[in-house]
Amino acid sequence: MTRNEHWLSRSRKAVWHPCTQMKQHEATPLVPISRGSGSWLYDFDGHRYLDAVSSWWVNLFGHAHPAINAAIVDQLAKLEHVMLAGFTHQPVVELSERLSAIAPGGLGHCFYASDGASAVEIALKMSFHSWRNKGHAGKTNFVSVAHGYHGETAGALSVTDIPLFRDAYGPLLRRQATVPSPDARLAPEGVSPREHALAAANALDAYLAANYETTAALIVEPMVQGAAGMAMHDPAYLTRARELCTRYGVHLIADEIMTGFGRTGRMFASEHSAVAPDMLCLSKGITGGYLPLSVVLTHDDIYEAFYDDDLARGFLHSHSYTGNALACRAALAVLDLFRDNDVLEANRVSAAKLDELARPLAAHPKVENFRRLGMIWAFEVLIGHDGGRDDFARWFAAEALTRELLLRPIGRTVYWMPPYCLAEDEMEILASRTLEIVACA
Ligand SMILES: *Cc1c(COP(=O)(O)O)cnc(C)c1O
């Protein structure tokens with residue numbers, strides 16, 4: 001038995017893995033990872049894997065980054081954690097001030113949790129409760145965009161439109177309305193992405209005109225709907241959505257859990273539309289992929305709706321690890337990296353290089369809709385390989401592993417979301433080996 005086999009067999013017995021039909025691990029082995037460095041992960045038998053999906057979209061600057069490591073070690077000697085009700089600490093104060101300073105438009109209040117789904121729960125509850133405190137108790141519904149993804153807890157799942165994740169729990173959920181997606185792939189023949197986005201915004205207009213009295217908030221993934229298959233859309237959608245939300249008195253919640261921290265080429269994807277949401281949800285890249293942390297930023301108007309002598313008018317939501325000091329310190333190290341280096345410009349240079357290397361792939365006859373925004377590339381593969389979309393994704397991922405690539409297609413959408421530190425020789429490996437797999441799909 002190799003060291004890999006040793007760990008994967010113990011893991012299969014003792015660990016229930018996420019987003020997984022465990023029985024499939026009879027045929028497809030788990031990959032036990034012993035260490036990471038830069039863009040690479042290493043298993044116990046000496047193989048390496050290029051982390052081309054940034055470990056489920058969380059990593060920004062590579063694994064075992066010296067500056068983030070040092071910040072966490074320094075914090076560890078001072079304070080690992082203290083409850084945030086009644087207490088505060090330096091990392092959470094500094095992080096809140098710095099996030100507010102860089103976030104779009106006046107979002108001066110930061111409420112923390114540990115994962116993306118919890119941030120979405122917070123935004124939904126905060127929106128409803130603020131309306132109720134202001135005398136609009138009838139705003140009990142939310143509207144979300146078709147094919148959107150906002151996490152897997154019951155509240156987040158009720159605004160998520162991915163049937164595979166949602167339908168099994170249908171009877172438990174208070175299912176919310178959806179409006180058509182601006183996804184540019186769905187534009188009819190002869191309709192530009194911008195026209196398609198504006199048509200989707202018109203549908204939102206019609207929905208809100210009929211339902212604004214009972215609608216607390218619209219929740220959107222600005223620019224890229226990740227779990228829908230890296231579905232990208234024109235920034236005109238969010239610009240219009242902001243206008244409509246303001247006109248109809250509905251909060252705009254920007255779920256930038258995936259798109260935040262430079263992923264789309266701007267610090268926040270909302271900036272492509274020059275829009276300030278009422279609530280901004282951040283997680284994933286916030287700690288550079290090190291520690292669980294999420295935050296909802298909001299403005300004075302919502303904050304003040306809770307500010308009162310009456311305890312029950314306060315926002316009493318909490319999690320045990322809210323504002324964890326180690327996680328906040330990792331996030332500060334990430335913000336330092338953005339402050340001290342022109343990360344977005346460096347990414348533009350990297351992206352242009354990878355675009356160049358990806359030309360043969362983009363031109364391959366089995367590849368459709370080759371697209372990129374910032375540091376996200378995606379395309380659909382015309383499937384020749386046997387079986388359905390799920391089978392294709394598993395087959396592709398397994399082929400990728402044999403070529404030292406960590407890739408995880410969504411249906412027949414293959415995407416790259418590499419760490420920002422991806423070097424040119426690594427880009428070469430990524431582009432040429434992805435092409436090899438596509439060629440035999
Ligand atoms: C990942 C993600 C979530 C959920 O975050 P978790 O930390 O996995 O709970 C929510 N919304 C978007 C857009 C995401 O990409």
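In the predicted model, a backbone N or O atom of A117 lies 2.8 Å from an oxygen atom of the ligand, and a backbone N or O atom of G116 is placed 2.7 Å from an oxygen atom of the ligand. A side chain also takes part, in that an N or O atom in the side chain of K284 is found 2.6 Å from an oxygen atom of the ligand. The surroundings of the ligand are made up of W57, D115, G116, A117, Y149, H150, G151, E221, D255, I257, M258 and K284.

With regard to the overall arrangement, the protein is divided into two domains, of which domain 1 is assembled from two stretches of the chain, 3–64 and 342–439, while domain 2 covers residues 69–341. The centres of domain 1 and domain 2, taken over C-alpha atoms, are separated by 26 Å. Where the two domains meet, 30 residues of domain 1 are in contact with 29 residues of domain 2, and the area buried between them is about 2400 Å², with carbon and sulfur atoms giving 68% of that area.

Polar interactions across this interface were examined as well. Eleven residue pairs, both members at pLDDT 80 or more, are in polar contact across the interface of domain 1 and domain 2. On the side of domain 1 that touches domain 2, the elements giving two or more residues are the helices α2 (54–57) and α12 (343–357), together with the strands β13 (367–373), β14 (376–381) and β16 (413–416). By class, this side of domain 1 consists of 19 nonpolar, six polar and five charged residues. The count of salt bridges between domain 1 and domain 2 is one, and the side chains of E380 and R185 meet in a salt bridge with an N to O distance of 2.9 Å.

In the structure as a whole, 27 salt bridges are found. One of the pairs is formed by the side chains of D301 and K134, with an N to O distance of 2.8 Å. This pair links distant parts of the chain, since D301 belongs to helix α10 (residues 300–304) and K134 to the loop between α5 (116–133) and β5 (141–145), the two residues being 167 residues apart.

Note on methods. Residues are numbered from 1 along each chain as its sequence is written. This is a predicted model: local features need pLDDT of at least 70, side-chain atom pairs count only at pLDDT 80 or more; totals for chains, interfaces and linings use all residues. Side-chain values use heavy atoms; hydrogens and water are left out. Domain bounds come from an automatic or database domain assignment. Contact means heavy atoms within 4.5 Å. Buried area is the accessible area (1.4 Å probe) that two parts lose on being put together, summed over both. A salt bridge is a side-chain nitrogen of Lys or Arg within 4 Å of a carboxyl oxygen of Asp or Glu. A polar contact is a pair of N or O atoms within 3.5 Å; within protein, one must be able to donate a hydrogen and the other to accept it, and residues adjacent in sequence count only if both atoms are side-chain atoms. Helices (H or I, at least four residues) and strands (E, at least two) are DSSP runs, numbered from the N terminus. Ala, Val, Leu, Ile, Met, Phe, Trp, Tyr, Cys and Pro count as nonpolar, Asp, Glu, Lys and Arg as charged, and the others, Gly among them, as polar. A residue is near a molecule or strand if one of its heavy atoms lies within 4 Å of it.
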